[in-house]
Amino acid sequence: MATSSTTVRFEHSGAVGLILIDSPPVNAINQDMRVGLADALAQAMAAPDIRAVLILSAGGTFMAGVDISEFDGAPGGPPLQQVQAAIEQAAKPVVVAMQGMALGGGLELAMACHYRLALDSAKLGLPEITLGIIPGAGGTQRLPRLIGARAALDMILSGAPITAQEGKAHGLIDEVVQGDLRAAGLAFCQNLIDSGAGPRPTREMQANADGFDAAGIADVMRTHSRALRGRTTQTLAIEAISAAMQSFDEGIAIEARLAAQSLTSRESQALRHMFFAERQAGKVKGEAKATAPAPIRDAAVIGAGTMGSGIAQAFADAGVTVTLIDSTEAGLAHGQDIVRSNYAASVKRGRISPAAAEERIQSVTGSLRLEDAATADVVVEAVFEDLELKQDVLSRLDAILPPDRLIASNTSTLSVTGLGRATAHPGRIAGLHFFSPAHIMKLVEVVRGGETSPDMLAKALQVAKILKKIAVVAGDGFGFIGNRMMLDGYFREAEQLLLEGASPSQVDGALERFGFAMGPQRVSDLGGTDVGTKARIQLYRRETRPDPYFVIADRLTALGRLGQKSGSGFYRYEPGGRDALPDPEVTAVIEALAAERGIKRRDIGEDEIIERCILSLINVGAMVLDEAVAARAADIDVVWTSGYGFPRHLGGPMFHTDTLGLAHVAERIRYYSEKLGSPYWRPSALIERLAADRSNFDQWDRERS
Ligand code: 3H9
């Protein structure tokens with residue numbers, strides 16, 4: 001039976017009224033659905049032969065929550081809370097049966113129903129905190145009533161879904177179903193009808209406050225402290241859950257006020273920006289999606305070093321069989337050892353079963369013959385970062401593989417266009433710049449060489465998707481997106497501050513307090529100062545940079561201070577220790593380098609450190625955008641939040657620029673440009689233009705979407 005909505009239908013099935021939701025891809029709740037739900041419920045209540053109601057949805061996802069794109073406008077139609085109240089106060093029992101993900105407003109809708117069933121594979125969660133908001137459709141009031149306030153706090157602060165079985169154990173789910181969900185739902189309704197069980201409104205339940213005292217709350221907060229560093233939403237969530245001890249109507253009014261407050265926060269705007277930016281990043285404007293991309297079942301990875309074996313493992317994790325090829329037996333054995341020990345560590349942490357780990361290890365076959373890549377659907381070259389070596393390997397692969405196969409290079413420094421030209425089919429060469437450790441890090445820069453064909457670019461994006469990576473398309477410039485901004489902007493300025501008088505721990509501390517997971521010098525020590533030095537040697541073959549450019553890191557490399565692995569770098573480390581300890585020897589190195597350049601050292605405050613590092617990052621980011629190395633400002637935000645530890649709740653460097661205001665940013669860059677007189681502080685023309693036009697990066701993106 002029709003409703004006044006295109007996404008909700010109403011049907012009779014004997015004495016059960018079926019409310020059927022169908023809004024692909026993820027049944028996000030929008031105005032049309034709210035209208036439809038209200039209408040269908042009214043029909044069910046008005047039909048004398050209907051004695052129970054069953055809500056079902058189509059597709060693999062029960063409901064992904066409220067349509068996030070509606071948040072910035074004034075959503076029309078009945079509010080979700082009104083629809084929920086109508087369900088909860090209905091005179092006939094309302095049952096919901098869930099499959100796949102039941103998230104946010106979707107789970108909140110379910111909690112307003114009288115009975116809840118879930119397929120055994122279903123997952124239930126309130127991920128609102130990841131968007132910087134609190135559950136605003138009764139979640140903070142009904143969840144404590146169903147599972148207790150402490151468990152509710154844990155679920156709301158984590159944002160992660162629980163399984164159907166856990167839901168049952170907590171009291172969120174009445175029955176876990178295997179097989180036919182619709183049939184199980186109808187049978188459940190029939191039972192209710194037969195037994196005369198009526199509605200069971202959650203609002204009438206009492207929330208269990210056990211463990212929801214100051215100590216209990218602090219305990220839960222500690223569990224999530226890493227993920228919530230620098231965040232504020234959790235405070236509002238605690239306040240809202242506390243209100244669940246009051247009457248339902250009082251509590252729901254408090255929740256509404258706090259939810260509105262969270263929604264307008266900059267934190268929420270930033271996190272919602274990131275949600276869409278991450279999903280948009282892998283899409284290339286103006287290019288049709290590959291209609292039905294050929295499946296990727298077999299891959300080959302060339303080079304069994306740390307990167308190559310990590311990439312091989314990422315394929316194995318995605319269920320793709322992979323041939324790991326190295327030129328030496330020792331190299332191959334080392335790579336296979338890395339794979340094995342990574343899986344052993346995952347088993348130890350309980351992330352994967354021993355059987356699954358073994359299966360994945362078996363899916364990686366070692367080989368010493370490049371010819372064994374011949375049957376692979378895709379090949380990723382990850383040999384040592386050396387132009388001639390890579391060109392040689394790529395041209396040999398090009399001769400071995402049929403021309404419709406993608407050959408991707410995991411280069412982080414070399415020109416993908418230049419690499420492609422070493423082959424007879426440059427169109428099939430693209431860059432897949434993984435980040436280390438490749439099986440863990442989410443980001444992949446998909447580098448489009450000057451001659452990379454649209455089909456092969458689409459194929460490279462398909463590979464990233466299969467590997468469950470966040471892909472960002474980057475142009476073939478110096479350092480692509482991320483490393484260019486790191487080297488010319490952020491890390492370089494951090495070193496400049498050291499030359500001018502700041503200490504490594506001062507710079508790192510300031511940027512960690514800004515929100516980076518780790519400051520630049522600690523990052524260098526972790527990755528190895530020599531790794532940076534070697535990468536820059538390759539990069540200089542593309543373009544050089546004026547002095548001073550990483551003179552400290554390069555001197556430390558020359559002195560054998562390679563970072564944590566050698567016991568000293570920008571800091572010193574106790575044997576086997578990871579604590580970065582200040583080292584007077586480093587101060588002496590820095591002072592000597594500063595003196596050689598006539599730099600007068602002085603005390604530098606934390607504000608200046610943060611401002612100069614962040615403005616440098618932003619300024620180079622704008623150049624990367626202006627030069628079309630990045631297609632969208634939002635892409636840069638994705639690169640920096642998922643690959644370089646920029647605080648996600650600030651929305652990435654370009655979103656953060658919009659927050660600071662373009663006029664302010666332009667003015668401060670000009671200020672430092674004049675004060676420092678450094679070639680690295682040339683103000684970006686794009687920032688100047690946007691500031692003059694009273695525009696910003698968000699608008700810049702919108703005008704081009
Ligand atoms: C909420 O409910 C607030 C309430 O408490 C109170 C309000 C009063 N809205 O991720 P995918 C799109 S807040 C709009 O690629 P997957 C997504 O953009 C909400 N759009 O698929 C993409 O579009 P496109 C709380 C949404 O299979 C497409 O659907 N809920 C929404 O990898 C496919 O998405 C959440 O935070 C949405 N809510 O993962 C859950 N969800 O094709 C957010 C998805 O144009 N969603 N889209 O790029 C997710 O976590 C994942 O999307 C999900 C599917 C796990 C569901």
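Three exercises with worked solutions follow, on the ligand site and two sheets of a predicted model.

In this model, local features need pLDDT of at least 70 and side-chain atom pairs count only at pLDDT 80 or more, while totals for chains, interfaces and linings use all residues. Residues are numbered from 1 along each chain as its sequence is written, and side-chain values use heavy atoms, with hydrogens and water left out.

**Exercise 1.** Describe the shell around the ligand and its polar contacts.

Step 1. The ligand has 23 residues around it, and Ala64, Glu108, Glu128, Arg279 and Lys283 come nearest. A residue is near if one of its heavy atoms lies within 4 Å.

Step 2. By class, the shell holds 14 nonpolar, four polar and five charged residues. Nonpolar means Ala, Val, Leu, Ile, Met, Phe, Trp, Tyr, Cys and Pro; charged means Asp, Glu, Lys and Arg; the others, Gly among them, are polar.

Step 3. Helices α3 (105-112) and α11 (266-281) each supply at least two shell residues. Helices are DSSP runs of H or I with at least four residues, strands are runs of E with at least two, and both are numbered from the N terminus.

Step 4. A polar contact is a pair of N or O atoms within 3.5 Å. An oxygen atom of the ligand is 2.6 Å from a side-chain N or O atom of Glu108. A ligand nitrogen atom lies 2.8 Å from a polar backbone atom of Ile68, and a backbone N or O atom of Gly136 is 3.2 Å from a ligand oxygen atom.

Step 5. The ligand taken alone exposes 1,000 Å², of which the protein buries 69%; the areas come from the Shrake-Rupley method with a 1.4 Å probe.

**Exercise 2.** Give the strand order of the eight-stranded sheet and find its edges.

Step 1. The sheet is open, with mixed pairing, in the order β12-β11-β10-β13-β14-β15-β16-β17. Strands pair if DSSP finds at least two bridges between them.

Step 2. β12 (364-367) and β17 (470-475) are the edge strands, each pairing on one side only.

Step 3. Inside the sheet, β15 (429-434) and β16 (443-448) run antiparallel and are joined by four bridges. Gly431 has Val447 of β16 as its bridge partner.

**Exercise 3.** Why is one side of β5 and of β8 left without a neighbour in the sheet?

Step 1. The open sheet has the order β5-β7-β8, with mixed pairing.

Step 2. β5 (101-103) and β8 (162-163) stand at the edges with a single partner strand each, so one side of each lacks a neighbour in the sheet.

Step 3. β7 (123-125) pairs with β8 in the antiparallel sense over two bridges, and Lys123 stands opposite Thr163 in β8.

Methods. Polar contact = N/O pair within 3.5 Å; in protein donor to acceptor, adjacent residues only side chain to side chain.
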